[in-house]
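This report looks at charged contacts, aromatic rings and a few separations within one protein chain. Please keep the structure in view while reading.

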Amino acid sequence: MKILVIQQKRIGDVLTSTIICNNLRTKYPDAVIDYMCYPNSVDVLKENPNIDNIIILTNKVRKSIPSLFQFIFQIRKKKYNAVIDVYCKLETNLITLFSGAKYKVSYHKWYSPIFYNHTYERFDAVKSEHGLAIENRLLLLKPFISEKITDVKPKIFLKEEEITTAVQLLKDHNITIGQKPLIMFGILGSEVYKTYPLDKMAKIIDFTVEKTNATIIFNYIPDQKELALEVYNNCSEETKKNIVFDLYCTDLRAFLALLSQCDMLIGNEGGAVNMAKALDIPTFSIFTPSVRKETWQLFENEAKHTSIHLKDLKPEIYEQHTEQYIKENTFQYYDEYPLPLMLEKLETYFQEYKN
């Protein structure tokens, strides 16, 4: 049996959809399971024993109709028995349609019957503590698995040498694992509208150092250095002593290995939070006001994962305005987050997690 799972777009989406591969491998241990994604997400799939081949769909191919159709017919030659399209946009509609697969599975849209023979309506309300992003992906396993699915957590697989390199990197910056807490801060979101105001993030870092005396590292890349410096410069002089500013990774696999050695990740909800959860690292995340918390508040039934969302603090705002309006006025609504309440919730989290 040959199965293709398709998930394009962001790293968090790609990582979350690996639960499909993990469960297919358990049910069909001898199947060939391939995964199609964009180039930026390949590193979260590497070393996963439940994925046989990673197929990359590049921008160059996507943006050229002749190249896209050449790619589609290369996929057809692989003779998949099943294609599970989690992304469900035009390019993947066409890939699935022309794949020749017996099972063509995706979500229900008005045009779905043209491309797929198994479609499912997404849940709009949380059915379990796992979160909608998980529950909706499990729907796509219905044609293949009738039993109750309990393996619901995405996982990242690291090689021993990657972990050894990360430990050495920390040593090179005079950080000894276990000496005191090591906390990574996701100071920048994947988009401007997903980035909590930098001066306020600095106050959260000040509070964290005051309560934990942790060593702090930032998650950023070189072209974001000026923004990272803005956060650093807004921190108190006492806090700066605990920040190792120049410790960062430019390679995603190296970042994952470094993250695996941290005691906690605090910061903007997004890909880094999803990666931390897949590495079983505790997380405290701040949601942008316009993202549906029901979709991405994953595994918050566990004490080690918690988040804060404006909807929790001021639900009346969501009765007055649409999510699109809130997104267009993101920074106005970030001002609605009461910082004292956030710090109170963070302190409770520190206390609960210690216990």
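K240 is buried, because its relative accessible area of 15% falls under the 20% cut-off. The structure is a predicted model, so the description that follows concerns computed coordinates. The partner of K240 in a salt bridge is E237, and the closest N and O atoms of the two are 3.0 Å apart. Although both residues belong to helix α10 (residues 237-240), where they sit three residues apart, or about one turn of the helix, they do not fall into one class of exposure: E237 has a relative accessible area of 56% and is therefore exposed, since the cut-off for that class is over 50%.

**Salt bridges across the chain**

How many salt bridges does the count come to? The count comes to 14, and the pair of K240 and E237 is joined here by two others that can be described in some detail.

The side chains of D13 and R137 meet in a salt bridge with an N to O distance of 3.7 Å. Because D13 lies in helix α1 (residues 11-16) and R137 in helix α6, this pair ties together parts that are 124 residues apart in sequence. Both D13 and R137 are buried.

R253 forms a salt bridge with E162, in which the closest N and O atoms are 2.9 Å apart. This pair also links distant parts of the chain, for R253 is in helix α11 (residues 252-260) and E162 is in helix α7 (residues 160-172), 91 residues apart. Are R253 and E162 buried or exposed? Both are buried, and for R253 the value behind that statement is a relative accessibility of 5%.

The three salt bridges can be set side by side.

| Salt bridge | N to O distance |
|---|---|
| D13 and R137 | 3.7 Å |
| R253 and E162 | 2.9 Å |
| K240 and E237 | 3.0 Å |

**Positive charge on the surface**

Which residues gather in a patch of positive charge on the surface? They are K9, K89, R122 and K327. Of these, R122 is found in the loop between β6 (118-120) and α6 (132-139). R122 counts as partly exposed because its relative accessible area, 41%, lies between the cut-offs of 20% and 50%.

**Aromatic rings**

A search of the whole structure finds 18 aromatic pairs. One of them is formed by W110 and Y111, whose rings are 5.4 Å apart from centre to centre, with 90° between the planes, an arrangement that is edge-to-face. The two partners are described by separate accessibility values: W110 is exposed, with a relative accessible area of 76%, whereas Y111, at 18% relative accessibility, counts as buried. Elsewhere, F218, Y220, Y232, F245 and Y248 form one aromatic cluster.

**Separation in sequence and in space**

Two further pairs show how a separation along the chain can be read together with a distance in space. A133, which lies in helix α6 and counts as buried at 3% relative accessibility, is 201 residues from Y334 along the chain, and the C-alpha atoms of the two are separated by 24 Å. R253, already met in helix α11, is 87 residues from A166 in sequence, while the distance between R253 and A166, C-alpha to C-alpha, is 10.0 Å.

Note on methods. Residues numbered from 1 in each chain as written. Predicted model: local features only at pLDDT ≥ 70, side-chain atom pairs only at ≥ 80, totals over all residues. Heavy atoms only, no water. Patch = residues over 30% accessible without salt bridge, like charges linked within 9 Å, V, L, I, M, F, W, Y side chains within 5 Å. Areas by Shrake-Rupley, 256 points an atom, 1.4 Å probe, with all protein chains shown as cover. Salt bridge = Lys/Arg side-chain N within 4 Å of Asp/Glu carboxyl O. Lys, Arg positive; Asp, Glu negative; His and termini not counted. Charge placed at Lys NZ, Arg CZ, Asp CG, Glu CD. Helix = DSSP H or I, 4+ residues; strand = E, 2+ residues; numbered from the N terminus. Buried < 20%, exposed > 50% of the residue type's maximum accessible area, 1.4 Å probe, protein only. Phe/Tyr/Trp six-rings, centres within 6.5 Å; stacked < 30°, edge-to-face > 60°.
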